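Here is a friendly walk through one chain, written for someone who likes to check contacts by hand. Have the viewer open and follow along.

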Amino acid sequence: MGSRASTLLRDEELEEIKKETGFSHSQITRLYSRFTSLDKGENGTLSREDFQRIPELAINPLGDQIINAFFPEGEDQVNFRGFMRTLAHFRPIEDNEKSKDVNGPEPLNSRSNKLVEESRQLEPTGTSMSAHCCIER
């Protein structure tokens, strides 16, 4: 990683992301590696252009919608935490009742949060978003 060593994940940050998203330590590490490889500006964020350089997204008819999912209204950059939060919406729905912290927030991949995210991505034409792309290799 060379010059990117200063942007490595701290243990507490990794644990927070793990708790927030439900991804395992190894998944977060692998996705961090992918994130940094996409970060051509080496500034700790991804732009729309960084996503557009992913060949699978470039040829996907829903590529623009998938890319838009990573950028809240008016934002043009996404950091690693935002990247992970967005990817968490696409994780398979798990039996959240067993692992759900009754005092904590609802998991990002819960059925209700997936519906909220999907409705946020609906276009006026009624076309919904699909995340069938290869962000993670």
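## Charged pairs

A salt bridge is counted here when a side-chain nitrogen of Lys or Arg lies within 4 Å of a carboxyl oxygen of Asp or Glu. Please keep in mind that this is a predicted model. Searching the whole structure turns up six salt bridges, and Glu16, Glu20, Arg81 and Arg85 are joined in a network of them.

Within that network, Glu16 and Arg81 form a salt bridge whose closest N and O atoms are 3.1 Å apart. Because Glu16 belongs to helix α1 and Arg81 to helix α6, this pair ties together parts that are 65 residues apart in sequence. Glu16 is partly exposed, with a relative accessible area of 40%. Arg81 is partly exposed too, at 28%.

Arg10 is worth a look as well. Its side chain meets that of Glu12 in a salt bridge at 2.8 Å, N to O, and Arg10 also forms a salt bridge with Glu13, where the closest N and O atoms are 3.9 Å apart. Glu12 has 45% relative accessibility and counts as partly exposed; Glu13, with a relative accessible area of 21%, is partly exposed.

## Overall layout

Now step back to the whole chain. There are eight helices and two strands, arranged along the sequence in the pattern α-α-β-α-α-α-β-α-α-α. The chain has 137 residues, of which 36% count as buried. Among contacts in the chain with a separation of 6 or more, 60% come from residues 24 or more positions apart. The chain exposes about 8400 Å², and carbon and sulfur atoms supply 51% of that area.

## Aromatic rings

With ring centres required to lie within 6.5 Å, the count comes to eight aromatic pairs. One of them joins Tyr32 and Phe80, edge-to-face, with 5.0 Å from centre to centre and 90° between the planes. Tyr32 sits in helix α2 (residues 25–38) and Phe80 in helix α6 (residues 80–88), so the pair ties together parts that are 48 residues apart in sequence. Both Tyr32 and Phe80 are buried.

How are the rings of Phe51 and Phe71 arranged? Their centres are 5.7 Å apart and their planes stand at 85°, so this pair is edge-to-face. Phe51 lies in helix α3 (residues 48–52), while Phe71 is in the loop between α5 (63–69) and β2 (77–79), 20 residues apart, and the pair links distant parts of the chain. Phe51 and Phe71 are both buried.

These four rings belong to one aromatic cluster, made up of Tyr32, Phe35, Phe51, Phe70, Phe71, Phe80 and Phe83. Another ring, that of Phe23, has the charged end of Arg91 sitting over it, 5.3 Å from the ring centre.

## Around helix α6

Where does the buried side of this helix go? The buried residues of α6 pack against α1 (11–21), α2, β1 (45–47), α3, α5 and β2. Those buried residues are Phe80, Phe83, Met84, Thr86, Leu87 and Ala88, and both Phe80 and Phe83 are also members of the aromatic cluster.

At the start of α6 there is a polar detail to inspect: a side-chain oxygen of Asn79 comes to within 3.2 Å of the backbone nitrogen of Arg81. Arg81 is also the residue that reaches Glu16 through a salt bridge.

Notes: Residues numbered from 1 in each chain as written. Predicted model: local features only at pLDDT ≥ 70, side-chain atom pairs only at ≥ 80, totals over all residues. Heavy atoms only, no water. Phe/Tyr/Trp six-rings, centres within 6.5 Å; stacked < 30°, edge-to-face > 60°. Helix = DSSP H or I, 4+ residues; strand = E, 2+ residues; numbered from the N terminus. Buried < 20%, exposed > 50% of the residue type's maximum accessible area, 1.4 Å probe, protein only. Lys NZ or Arg CZ within 6 Å of the ring centre and 35° of its normal. Contact = heavy atoms within 4.5 Å. Polar contact = N/O pair within 3.5 Å; in protein donor to acceptor, adjacent residues only side chain to side chain. Areas by Shrake-Rupley, 256 points an atom, 1.4 Å probe, with all protein chains shown as cover.
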